[in-house]
Amino acid sequence: MLTDLILGTAGHIDHGKTSLIRALTGVDTDRLPEEKKRGITIELGFAELVLGDVRLGIVDVPGHERFVRNMLSGATGIDLALLVVAPDDSVKPQTREHLEILRLLDLAAGVIVLTKCDLADADWIDLVEAEVRELVADTFLADAPIVRTSATTGQGLDGLRGVLSEAAEVAAQSDRIERRAGPFRMAIDRTFSVDGHGTVVTGSVQSGQARVGDTLTIEPGGLPVRLRGLQNHDRTAEEVHRGQRAAINLAGVHHDEIDRGHELASAGHLVPSKLLSVRLNVSSSAPRPLKNRTRVRLHLGTAELMSSVVLLSTDQLQPGESGYAQLFLSGQAVATWNQPFVIRSESPVTTIGGGAVLDPSAKKIRRNVTEKIAMVAQLASKDPYQRASAALFFAGISGWQPDELSRTAGIADPASTAAALIDRGDLVEIAVSPTRKLSVHSLVLGELCQQVEKVLRRLHQQNPLQRTIQTARLMQSFDYLKAPAVVKAVLTRMAAEGQIRWTESGVALSGCGPQLSKREQILIEEIIETIRQAGVSPPGIAELKSQATKNQASVPQLVALAEAEGHLVRINDDLFLHSEAFDRIKNTLAERMADGQGLTLSQIREILETSRKFAVPICEHLDRIGFTRREGDLRVLADPAVTALNRP
Ligand SMILES: Nc1nc2c(ncn2[C@@H]2O[C@H](COP(=O)(O)OP(=O)(O)OP(=O)(O)O)[C@@H](O)[C@H]2O)c(=O)[nH]1
Ligand SMILES: [Mg+2]
C-alpha cells in the first residue's frame, strides 16, 4: 500500500522552487494569470509525485516576502520539507525566514536542494553549500542531504528522487505519521465554488479519514456539512486520508461562509476558543525582545489572527529565550494539544517566534501565580499521566469527558488514563446524582476547600454571635459555579477532615463563632426546645435559670445567642418566643384582622389563648415592629395589604 505524505517547498523568491517541481512532476503549479505575468508564485500550488511506496502530495509555496502568510498556510500541513537555495543568489532573507518557520512548525525531516546549478561553477557552489550547512546547523535539517540540480539541464533530478524517497521512508516511520485512525481533521487553505457542484474546500488532511456521504463540522462555528464528493489531485476518490491533499465538495454550506483558516473536522473533535496557553519560543533572529502584552499575528493551522501575548512569569523574553504564555486571540480558533504555531510582528511584518499549544481552550491565568504556571508546564511533560492530570486540573469542575484528553493532552487511551488517575488519587470521584459521577482533580477540590474556608471565615466575622452559618447562605456564595453537588462534596470532605462542623442548623468553621463548652451546647438546645414547646406562654429568663442544673450564669448569654441565630424572637428583656410561635401569631392575627375591623387586647388574648402577662408585651412588640397599629382601644393591621398569605 502507498504511504501518503505531504512535501512542501521553501526558499527565497526566484530560487527555482516552482521550476524544480515542474521538472520533477511535469506540472506547472503557477496557475494564476498574475503569477504567469509576473513570473512569481503568489498562491499555493499543488502537484503529486510517486516514488516507490511513497506518494508525495506537493505544496509549492511563494518565496516573495509579501506572501509569507500564504507560505505559512501551506507549510502548516506538511511532513517533509524541500529547502531550495539558488547558488547564484545564495542564502537570502526568506531562505532564513522559511527555514525558521519550518523549525517552529516542528518539522522533523527534509532535503536541501541547490537549484540552478547550471548557472554557477563548482567552486562557487561548494562555497554556497558550506554556507547552507552552517545555516541549517542546529536545526532539523542539520544532517539533511544536499542535492545539486538544474531544472534547465535536468542535472541531479534522478539523484533528488532517490534522496527524497529515502527521506520519505524515514518520515513515514516517524510516530507523527500514525494518524490515519482517529478523528478527521483538515485545515482549509482554499475555498471556491464550482458550477453545478457548489462549495469546494481544499487542504492537507492532517489526521483521520473521510468518505463521501460523511457528515463533518466546519470550525470555528460548528457548522455541519455533508461530503458530497472528494478529489485527490484531480482524481475522483471515495475516501481521503491523512497525508493526502484533498478537494472536498460540501453540501449544506455556501462558499462565502467558509474561509482559509476554517477547519473541517469530525463533529466534537475541535473546540473553538479565544484563549490558548502555550509554550512560546522567541526566535534568535528576532530583532528585539518580546515584551508582555505585545500584539502579534498568530498563524495557527491555516488561520491568521491578531493576538495579544501575555507572558506568565516574566516581563519580556529575549531573542532565543522561551517561556509560558497565554495568547488572547481576536477571534475564535481551534487547536489541539502540542499543535505548533508561528507568530509574526505587527510591523515590520516578520517572523519572531512560535511554539506549541498546551491548553487549546484555556481559562485566564493570573501572571506570576506559580502553582498555575507549574501546571501549564506540566502540560508539556513527556509523561502522559502528568499531562492528563494537568489537563484535568484545568478542566476544573466542568464535567469533562475522557475522550477530550486526546485533544487537550495528546492522550492515546483516554479512558484507561483517567481510571489510572483516579487510582493515583489525582482525581476524586463525586456523585452529583444517584446515577452520575463527576471526577474532579484533587487540587481543584483543595482550591475549593480554601475558598469555602475563606467565605465561612468572612460570614463568621459578619455574624459574630452566630455559632453556625446557614448552609443555604454559604451555598449562595458559590452559585456562580453552578455546581451545588460539588460544593456539597467539598463540605462533606471538610467535615470529614474536621475543618468544619456541618449539621442541620448550618455550617461552622472550626475555631470560629462563639465557643461553647459541651455543657453549654446541651443547655442552649434545651432552652430553645423548652421555649418552642411553651408556644405563646414561654418561661422568662429567671425561670430558665432555675430550670438549669448547671451553667445557670450562662443562660442570658445563651438566650442572646439563640436569638442571634434566629431560633428565638426577643419580645422584651425577659420574654423570648420561639420563631415558629411568633410566625404563627402573625399569621393568625393577619387572618383575623383582614376585615379591617380591628381587635381589642382581650380579643387578641383570647385568640392567642394566653394571659395578659404575655398578650400585652407581644402586642406592644407587634406595634413596634410596624405589624400592627393602635387606634384607640383597637389594634389594626399597619398595612392592610398584609394578609396571612402575603405577610412580610
Ligand atoms: N538557468 C536556470 N534557470 C532556472 C532554473 N530554475 C529556475 N530557473 C529560472 O529562475 C526563475 C525563477 O524560477 P521559479 O521556479 O519561478 O522560482 P520560484 O522559487 O518558484 O519563485 P517564487 O515562487 O516566486 O518564490 C525563472 O525564470 C526560471 O526559469 C534552473 O535550474 N536553471
Ligand atoms: Mg514559485
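The legends below describe several close-up views of one predicted model.

**View 1. The whole chain of the predicted model, shown before the details.** The secondary structure of this chain comes to 19 helices and 32 strands. Along the principal axes, its C-alpha atoms fill a box of roughly 125 × 55 × 45 Å. The chain has a radius of gyration of 38 Å, whereas a compact globule of 648 residues would have one near 26 Å. Of the 648 residues, 51% count as buried.

**View 2. Ligand 1 and the residues that surround it.** Ligand 1 is surrounded by 17 residues, and the closest of these are Thr18, Ser19, Thr41, Ala151 and Thr152. Sorted by class, the shell around ligand 1 has 9 polar, 4 charged and 4 nonpolar residues. Two of the contacts to look for involve oxygen atoms of the ligand: a polar side-chain atom of Lys17 lies 2.8 Å from an oxygen atom of ligand 1, and a backbone N or O atom of Asp14 lies 3.0 Å from an oxygen atom of ligand 1. A nitrogen atom of the ligand also takes part, since a polar side-chain atom of Thr152 lies 2.8 Å from a nitrogen atom of ligand 1. How much of ligand 1 does the protein bury? Taken alone, ligand 1 exposes 650 Å², and the protein buries 79% of that area.

**View 3. The magnesium ion, ligand 2, with its protein donors.** The protein donors of the magnesium ion are the OG1 atom of Thr18 and the OG1 atom of Thr41, which lie 1.9 to 2.0 Å from the ion. The two donors link distant parts of the chain, for Thr18 sits in helix H1 (residues 17–25), while Thr41 sits in the loop between helix H2 (33–38) and strand E2 (45–51), 23 residues apart. Are these two residues buried or exposed? Thr18 counts as buried because its relative accessibility is 12%, which is under the 20% cut-off. Thr41 is likewise buried, because its relative accessible area is 10%. Both threonines also appear among the closest residues to ligand 1 in the previous view.

**View 4. Two buried residues in loops, Thr115 and Asp79, with their polar partners.** Thr115 is placed in the loop between strand E5 (109–114) and helix H5 (122–136), and it counts as buried because its relative accessibility is 3%. A polar atom of the Thr115 side chain lies 2.5 Å from the backbone oxygen of His15. Asp79 is found in the loop between helix H3 (68–75) and strand E4 (80–85), and it counts as buried because its relative accessibility is 9%. The side chain of Asp79 makes a polar contact with the side chain of Arg242, at 2.6 Å.

**View 5. Two cis peptide bonds, at Pro220 and at Pro348.** Most peptide bonds are trans. In this model, however, a cis peptide bond joins Glu219 and Pro220, with omega about -10°. Pro220 has its place in the loop between strand E10 (215–219) and strand E11 (223–232). The peptide bond from Ser347 to Pro348 is also cis, and its omega is near -5°. Pro348 lies in the loop between strand E22 (340–345) and strand E23 (351–359).

**View 6. Lys482 and Glu609, each with a positive phi.** Most residues other than glycine have a negative phi. Lys482, although it is a residue other than glycine, has a positive phi near 50°, and it lies in the loop between helix H12 (471–476) and helix H13 (484–496). Because its relative accessibility is 72%, over the 50% cut-off, Lys482 counts as exposed. Glu609 has a positive phi of about 55° although it is not a glycine, and it lies in the loop between helix H18 (601–608) and helix H19 (612–624). Glu609 is exposed as well, because its relative accessible area is 70%.

**View 7. Ile625 and its separation from Gly268.** Ile625 lies in the loop between helix H19 and strand E31 (628–631). With a relative accessible area of 44%, Ile625 is partly exposed, because this value falls between the 20% and 50% cut-offs. How far apart are Ile625 and Gly268, in sequence and in space? They are 357 residues apart in sequence, and their C-alpha atoms are 60 Å apart in space.

Definitions and conventions:
Residues numbered from 1 in each chain as written. Chains lettered and ligands numbered in written order. Predicted model: local features only at pLDDT ≥ 70, side-chain atom pairs only at ≥ 80, totals over all residues. Heavy atoms only, no water. Near = heavy atom within 4 Å. Polar contact = N/O pair within 3.5 Å; in protein donor to acceptor, adjacent residues only side chain to side chain. Areas by Shrake-Rupley, 256 points an atom, 1.4 Å probe, with all protein chains shown as cover. Nonpolar A, V, L, I, M, F, W, Y, C, P; charged D, E, K, R; others polar. Donors = N, O, S within 2.8 Å, 3.2 Å for Na, K, Ca; no water. Helix = DSSP H or I, 4+ residues; strand = E, 2+ residues; numbered from the N terminus. Buried < 20%, exposed > 50% of the residue type's maximum accessible area, 1.4 Å probe, protein only. Rg over C-alpha atoms; globule rule 2.2 N^0.38 Å.
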